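Work through the following exercises with the sequence and the model at hand. Each task is followed by a solution that goes step by step.

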Amino acid sequence: MVNEPFVFPAPEKTELLNGEYFFCGRLAVSLPDEMKNVFGTAVSLFPDLDIVCESDGDIMMKKADGLPDASYRIAVSSNGIELEYGDKAGAFYALITLCQLLSRGASVRCCCIEDSPGLKIRGVMMDISRGKVPKLKTLKRIADRLAMFKMNHFELYIEGLSFAYPSYCDLWKNEAPLTPEEFSELNAYCGERFIDLVPCQNGLGHMGRWLSFDPFKGFAECPNGFSVAGLTFPPTTLDASDARGFEFVKGLWEELLPCFDSSFANACLDEPFELCVGKNKGADKYKLYTNYANRMKDYLKARGKRMMMWGDVTAKEDGALDDLDEDIVLLDWGYEKEHPYDKRAQRIAASAHDFCLCPGTNSWLSFTGMTDNMLSCIRSSADAAYKYSALGIIVTDWGDKGHLQYLPVSWPGILTAAAYAWNSRGTDRNELARALDAFVFQDEAGVMGTAALDAGNYYKLEEFLLPCRTLASTVLDSGLVTREEYERSLAFAAKSITFFTKEDFARHYLESYENRKEPSGAAILRALDEISDRLSSAKPGNKDAAMALEEYQNGLLMASVLTEIRLSMLTGEAFPALSEKLSRCISQHWRLWNFRNKEFGCAQGLEPLIEIRKKLP
């Protein structure tokens with residue numbers, strides 16, 4: 001059987017020809033001396049390949065005039081393989097594609113590939129501020145994977161104390177943030193892989209951790225907190241008119257920026273929930289906000305950075321962008337399949353701002369993902385990105401409520417975004433599962449990719465929909481309570497949607513709650529068990545993939561146990577060995593967490609589950 005080429009993301013153009021290139025043992029590549037470091041980095045991502053540099057190799061690599069940046073060509077004939085590139089990035093991506101072709105077996109189908117990126121920025125933002133701070137070796141492994149799929153932009157989202165600010169060591173000394181030395185090392189590592197590691201730090205909303213400390217409480221818009229649907233929350237937003245808060249944020253940047261070479265800096269500035277409802281009540285919200293953003297842009301520009309920021313405040317209403325400096329790059333986020341990416345992208349494009357669209361992996365508050373929502377949302381963002389000439393796509397990966405989901409659950413969303421950011425045709429479910437098996441899980445049995453995608457659809461069996469979370473995750477908020485108390489918790493989750501999500505589609509989720517079905521626990525548990533059984537036949541190809549299999553199994557167990565707890569509160573049904581299963585889930589989580597992440601933060605994330613276990617018979 002002819003070994004058909006499989007490359008992910010799909011190249012721009014592939015022409016299949018007759019014949020095959022056969023090889024056995026060591027592969028030799030002849031290339032210019034200035035490309036030897038690029039070669040070494042690229043092939044290091046495929047440790048199972050025996051491939052070296054030799055002057056008389058069957059694989060020839062050379063620079064070609066006229067090829068755009070990051071572009072390349074590959075010609076496979078029965079006599080050998082020729083690679084052409086326009087610049088170093090193009091050479092790197094050509095080698096990545098070559099290694100993917102060669103990893104398929106002892107032969108490669110003759111073909112011609114012409115390839116170049118569809119979007120300039122092809123990125124991932126990962127949350128390191130909800131308790132889970134990855135170890136440096138984990139972040140390097142992530143960078144390797146991003147490079148393998150031709151992604152070139154990486155952000156680690158910082159709020160609070162997930163960065164070890166030298167001036168505030170007394171506040172983080174008992175925690176485990178990433179240090180300046182770790183960020184600097186990761187910055188160099190990413191650069192070798194043609195990935196721009198971009199500093200990312202919130203500095204207006206999402207400041208709750210800082211505002212909980214006495215020296216900073218006076219910087220808040222609402223020092224005594226704010227209310228949503230009758231519940232009071234602690235302050236999260238700075239007073240945008242207070243110069244003290246602005247200078248404080250600048251000081252944070254002064255300590256973070258030296259770790260990065262990027263020409264970008266993401267100031268975030270999203271979700272300032274209390275803006276103009278406290279000290280600045282009655283002020284023009286948009287003018288206050290854009291004035292703050294413009295001042296932050298001026299500061300970062302003086303430090304040699306072009307500011308990025310979220311577009312949730314300014315991109316949703318006509319005219320709100322008028323006073324925002326055009327040099328700012330807007331990042332429009334939306335994680336539901338109904339998010340109006342086309343409408344928002346059209347508005348931003350008309351304002352002359354550069355922008356990226358930012359869907360999500362939908363891993364958070366799901367334990368195993370929300371596959372169909374994720375696929376639809378990323379496809380919608382990509383359609384709008386190409387239609388309105390966005391700079392790129394940056395897929396986000398959050399960690400709400402203790403970051404209980406595992407890293408492998410995020411890879412389906414990351415690969416989907418990589419596929420669309422490189423090639424507008426994107427990918428489909430079958431191709432995505434195949435890429436997961438071939439390049440992430442290295443599953444010889446070919447079951448993990450499809451099982452992972454199926455695991456992310458149990459939410460469709462629940463009785464109503466919430467944006468960006470499954471109903472199983474609501475137990476983290478409610479704890480083990482009476483039916484009446486749990487019903488009130490669900491009602492709050494549904495009715496608060498319109499506070500946190502101002503778009504018209506919020507009505508869709510309220511109607512889903514108002515017309516909810518009867519709980520179908522048996523169907524959910526049966527589906528989760530069936531996927532777990534399928535995963536038992538997987539044959540992961542390395543230690544990391546074997547750990548990913550365990551992580552998926554515990555994610556399924558977590559979803560199953562929380563579903564049983566939820567049903568016991570709603571229906572009174574008793575589930576055997578529930579306490580034992582929850583204990584097993586908790587102990588497994590400790591071990592799995594420590595494999596990839598710094599230990600601090602695990603206990604805090606598990607606290608809701610530990611409290612439930614105490615109350616179970």
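Two strands count as paired if DSSP finds at least two bridges between them. The model is a predicted one, and the exercises below are to be read with that in mind.

**Exercise 1. The sheet**

Determine in which order the eight strands of the open sheet are arranged, and which strands stand at its edges.

Solution. Following the pairing from one strand to the next gives the order E10-E9-E8-E17-E16-E15-E14-E13, an open sheet in which the pairing is parallel. Strand E10 (196-198) and strand E13 (264-266) each have a single partner strand, so one side of each is left without a neighbour in the sheet, and these two stand at the edges. From one strand to the next, the twist averages 25°.

Now take the edge at E13, which pairs with strand E14 (residues 306-310) in the parallel sense over three bridges. Among the residues involved, Asn266 has Met308 of E14 as its bridge partner. Two helices can then be added to the picture. Helix H5 (residues 180-192) packs on the sheet and touches strand E9 (153-157) as well as E10, its direction making about 150° with that of E10. Helix H8 (residues 285-302) also packs on the sheet, where it touches E13 and E14, and its direction makes about 150° with that of E14.

**Exercise 2. Helix H3**

Compare the expected span of helix H3 (residues 136-148) with the distance between its end C-alpha atoms, and state how many of its residues are buried.

Solution. The expected span is 1.5 Å times one less than the number of residues, which for the 13 residues of H3 gives 18 Å; the end C-alpha atoms are 18 Å apart, so the two values agree. For burial, the criterion is a relative accessible area under 20%. By this criterion eleven of the 13 residues of H3 are buried, and the helix is mostly covered. The buried residues include the charged-name positions Lys140, Asp144 and Arg145, together with Leu136, Ile142 and Met148. After H3 comes Lys150, whose phi is positive, near 60°.

**Exercise 3. The cysteines**

Explain why neither Cys190 nor Cys377 forms a disulfide.

Solution. A disulfide requires two cysteine sulfur atoms within 2.5 Å. The closest cysteine sulfur to that of Cys190 belongs to Cys259 and lies 13 Å away, too far for a bond. For Cys377 the closest cysteine sulfur is that of Cys468, at 7.9 Å, which is again too far. Both residues are buried, Cys190 with a relative accessible area of 0% and Cys377 with one of 1%. The structure as a whole holds zero disulfides.

Notes
Residues numbered from 1 in each chain as written. Predicted model: local features only at pLDDT ≥ 70, side-chain atom pairs only at ≥ 80, totals over all residues. Heavy atoms only, no water. Helix = DSSP H or I, 4+ residues; strand = E, 2+ residues; numbered from the N terminus. Buried < 20%, exposed > 50% of the residue type's maximum accessible area, 1.4 Å probe, protein only. Axes fitted to C-alpha atoms, helices over the stretch in contact; angles between N-to-C directions. Contact = heavy atoms within 4.5 Å.
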